[in-house]
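Please write a short report on the protein model shown below. Keep it brisk, and include one small table.

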Amino acid sequence: MEIFQITLILATLLCSLVSGFLFAFAVVVMPGIKKLNDKGFIRAFQVIDGVIQNNQPIFMLVWVGSVLVLITSVVLGIGELDSIGSILIISSALVYLFGVQLPTATINVPLNNKLQTLDLHTESESTYKAARELFEVRWNRWNKIRTVLSCLVTLLLIYLLFRL
């Protein structure tokens with residue numbers, strides 16, 4: 001097996017794990033904590049996000065690794081793939097970087113960070129309500145976009161694997 005094939009398999013695996021993570025948030029985590037009151041919602045999200053923000057090693061390996069291995073696959077794939085394959089792998093990387101990773105860094109993580117600043121022992125119920133309103137709809141909208149696009153990337157990468 002060639003190095004390109006190995007990196008493409010790893011990129012497919014890691015991107016699919018990211019897709020599954022985003023999907024789980026979209027269909028289980030956020031609908032589950034939505035049922036909590038404002039303070040409970042914020043606390044639950046703070047705890048879940050705290051695990052991630054503390055650089056949980058397996059999560060970081062998958063999240064950052066997906067980007068690195070996908071970019072490596074693009075670089076190696078340009079020399080290995082035909083023109084359609086090259087277009088597909090470049091498109092996959094662009095969609096992943098600009099449709100999944102960029103919104104994560106510019107929208108979802110800043111929203112997470114803002115929610116992390118709330119002290120649940122000193123704020124009022126109206127503060128919790130306002131914070132949740134500023135957070136929940138926008139965060140969920142962008143998570144759904146990231147989920148759909150990451151699933152698309154995974155499908156394209158699987159298709160590329162079958163073309164090899």
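In this predicted model, Glu136 is a buried residue, because its relative accessible area is 11%, and buried means under 20%. Glu136 lies in helix H5. Leaving aside neighbours within four places in sequence, Glu136 is in contact with Lys34 and Phe41.

Phe41 deserves a look of its own. Phe41 is part of helix H2. Its relative accessible area is 0%, so Phe41 is buried too. Residues up to four places away in sequence are again not counted here. Phe41 then touches Met30, Ile33, Lys34, Leu36, Arg132, Phe135 and Glu136. Ala105 is another matter: Phe41 and Ala105 are 64 residues apart along the chain, and their C-alpha atoms are separated by 22 Å.

Now step back to the whole chain. The protein chain has 5 helices and 0 strands. Read from the N terminus, its elements run α-α-α-α-α. Along its principal axes, the C-alpha trace spans about 60 × 25 × 25 Å. The chain has 164 residues, and 42% of them count as buried. The accessible surface comes to about 8,900 Å². Carbon and sulfur atoms account for 70% of that surface. Consider also the contacts between residues at least 6 apart in sequence: 81% of these join residues at least 24 apart.

Two helices can be checked for length and bending. The table sets out the values.

| Helix | Residues in helix | Expected span | Distance between end C-alpha atoms | Bend |
|---|---|---|---|---|
| H3 | 24 residues | 34 Å | 32 Å | about 35°, centred on Gly65 |
| H4 | 34 residues | 50 Å | 46 Å | about 50°, at Thr104 |

The expected spans rest on 1.5 Å a residue. For H3, the end-to-end distance of 32 Å agrees with the expected 34 Å. For H4, the distance of 46 Å agrees with the expected 50 Å.

Helix H3 covers residues 57-80. Its N-terminal end is capped by Gln56. There, a side-chain oxygen of Gln56 lies 2.9 Å from the backbone nitrogen of Ile58. Which residues of H3 are buried? They are Phe59, Val62, Trp63, Gly65, Ser66, Val67, Val69, Leu70, Ser73, Val74 and Gly77. Gly65, on this list, is also where the kink in H3 is centred. The cover over the buried residues of H3 includes helix H1 (3-34), helix H2 (38-53), helix H4 (83-116) and helix H5 (125-163).

Next come the nonpolar cores. In soluble globular proteins, nonpolar side chains tend to be buried together. In this model, the largest nonpolar core has 25 residues. Val18, Leu70, Ile89, Tyr96, Leu157 and Leu160 have the most contacts inside it. H1, H3, H4 and H5 each supply at least two residues of this core. Apart from this core lies another, of 16 residues. Among its residues are Phe25, Leu118, Tyr128 and Trp139.

What does Val18 contact, leaving aside its neighbours within four places in sequence? Val18 is in contact with Val62, Trp63, Ser66, Tyr96 and Val100. Of these partners, Val62, Trp63 and Ser66 are among the buried residues of H3. Tyr96 is, like Val18, one of the residues with the most contacts inside the largest core.

Terms used:
Residues are numbered from 1 along each chain as its sequence is written. This is a predicted model: local features need pLDDT of at least 70, side-chain atom pairs count only at pLDDT 80 or more; totals for chains, interfaces and linings use all residues. Side-chain values use heavy atoms; hydrogens and water are left out. Helices (H or I, at least four residues) and strands (E, at least two) are DSSP runs, numbered from the N terminus. The expected span of a helix is 1.5 Å times one less than its number of residues. The bend at a residue is the angle between axes fitted to the seven residues ending there and the seven starting there. Buried means under 20% relative accessible area, exposed over 50%, partly exposed in between (1.4 Å probe, protein chains only). Contact means heavy atoms within 4.5 Å. A polar contact is a pair of N or O atoms within 3.5 Å; within protein, one must be able to donate a hydrogen and the other to accept it, and residues adjacent in sequence count only if both atoms are side-chain atoms. Accessible areas come from the Shrake-Rupley method with a 1.4 Å probe; for residues, only the protein chains shown count as cover. A nonpolar core is a set of buried Ala, Val, Leu, Ile, Met, Phe, Trp, Tyr and Cys residues joined through side-chain atoms within 4.5 Å.
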